[in-house]
Amino acid sequence: MVAYQRYVQLSQSRNSEERGQAAHMAALAYLGHKGPADEQAALYAALMNFLDDPSVKVRAALAYGLLHSERAPRPIMLALAQDAPVISRAVVQFSPVLLDSDLMGIIRSGDPDMLVAMTARPALSQRVALALVRQGEPDLCVRVLDRADIGLPEDDYIALADKWGDDARVRGVLLKRRDLPGIARLHLVERVRAALSDLRIVKGSVQPRRLERLLRDGCDNAATAIGEREAGRGARGYVAAMAEGERINARLMLHALVHGHVLFFADALAQLSGTPRAKVFTILDGGSRAALHALFTRCGFTPAVRNLLARMVGHARKADLADDIAARHYVVSLLIEELIAEHDGVLPPSLDEAFAYLNEQNIALARTAARGVMPAFAAEAPDEIMLPDMSAGRLALPAA
């Protein structure tokens, strides 16, 4: 009774702060009520009356009292969702009683502040997330895609990558997503390549031909590494899209083998030849030279390329190309020597691109392998520093 009298006193006050206290008390009383239905109805009526209060502070106090509860009355929360911005944004962001249909209606209204608030809801369904990213606003895309608890269909990821591939912020959050389809990831990598090649600081720091080689090699590595990951997950859409776009060539296949991306290599062969994946693995693992040539023929490779790939498979069976850089360098060097010897130094034009790739890889792998040589020697060097004596104006080497 004492509490009720205090509530009546506060609710009839001319001070908006005190009426706000009364509204908050009524909200908490409604949510915690476990008594007769007529008392619940009386509390509900009290909440409805506070909706008509002229003060934003009072209506805000009512909203904050009900904001996080699943027992809050839907009609009242829907009314508050259309109230002043400071109230409506909080309701849209936090209230669990709002359904997807309610949120879709708010999205159709197009209020930017309300849409931003909606992206921060504790739980967001895929339907609402899709509606938000389809608004065509990069900020909304970033906010939704930055949430790991929301997944989108593959087609929508691909559409987003195609639409926002040149926007660095959206591209960045897309690339961070682990569920991004491989073909969308490859598209974004290619957009990164284009962006880097257009930067003045990059173009001014690296000689053009070397820059083109570096970027092309990086994209090749990305294409095969992404394909390796997709193949490991059992996803076949990536290699199918690559084949449909005619992006699987001898250079890419060589790159896959040189860097130990054998799952992608096998998937690509299965896709191009129409051969079951299990049979492709059997042929690659222990098939004869004739079986390899037959498989590569079904893929549409020229005789010279077929011979090159067969040689490479033979070497790959004996070396750990996935992790051993020295082994990669050895195999590539050996392959170059074999090709030169076989063709007496006059290689057929059909091998020009593949041979150029092997030469590029040979240089790159030699540099990488050489970086580990000097540290290894330094670790075994004696502590005493051996320097020539230049004090007398002549070079005097230390005695042995």
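**Pockets of the predicted model**

In the second largest pocket, α19 contributes more to the lining than any other element, giving 3 residues. The model described here is a predicted one, and its two largest pockets are treated in turn, beginning with the second.

The volume of the second largest pocket is about 260 Å³. Its lining is made up of 14 residues, among which L257, V262, L284, A316 and R317 are the closest to the pocket centre. Two or more lining residues come from each of α18 (262-273), α19 (277-286) and α21 (303-316). When the lining of the second largest pocket is divided by class, 10 residues are nonpolar, 1 is polar and 3 are charged.

The largest pocket has a volume of about 400 Å³. A total of 15 residues line the largest pocket, and L214, D217, E360, A364 and R367 are those that lie nearest its centre. The elements supplying two or more residues to this lining are α15 (208-232), α22 (325-342) and α23 (352-371). Of the elements, α23 gives the most to the lining of the largest pocket, with 8 residues. The class division of the largest pocket's lining comprises 5 nonpolar, 3 polar and 7 charged residues.

Set side by side, the two linings are thus described by their main contributors and their composition. For the largest pocket, the leading element is α23, and charged residues number 7 against 5 nonpolar. For the second largest pocket, the leading element is α19, and nonpolar residues number 10 against 3 charged.

Technical notes. Residues are numbered from 1 along each chain as its sequence is written. This is a predicted model: local features need pLDDT of at least 70, side-chain atom pairs count only at pLDDT 80 or more; totals for chains, interfaces and linings use all residues. Side-chain values use heavy atoms; hydrogens and water are left out. On a 1 Å grid over the protein atoms alone, a cavity is a set of points where a 1.4 Å probe fits but cannot get out, and a pocket is an open set with protein on both sides within 12 Å along at least five of seven lines; lining residues have an atom within 4 Å of a point. Grid points are joined across faces, edges and corners, and a volume is the space filled by probe spheres set on the points. Helices (H or I, at least four residues) and strands (E, at least two) are DSSP runs, numbered from the N terminus. Ala, Val, Leu, Ile, Met, Phe, Trp, Tyr, Cys and Pro count as nonpolar, Asp, Glu, Lys and Arg as charged, and the others, Gly among them, as polar.
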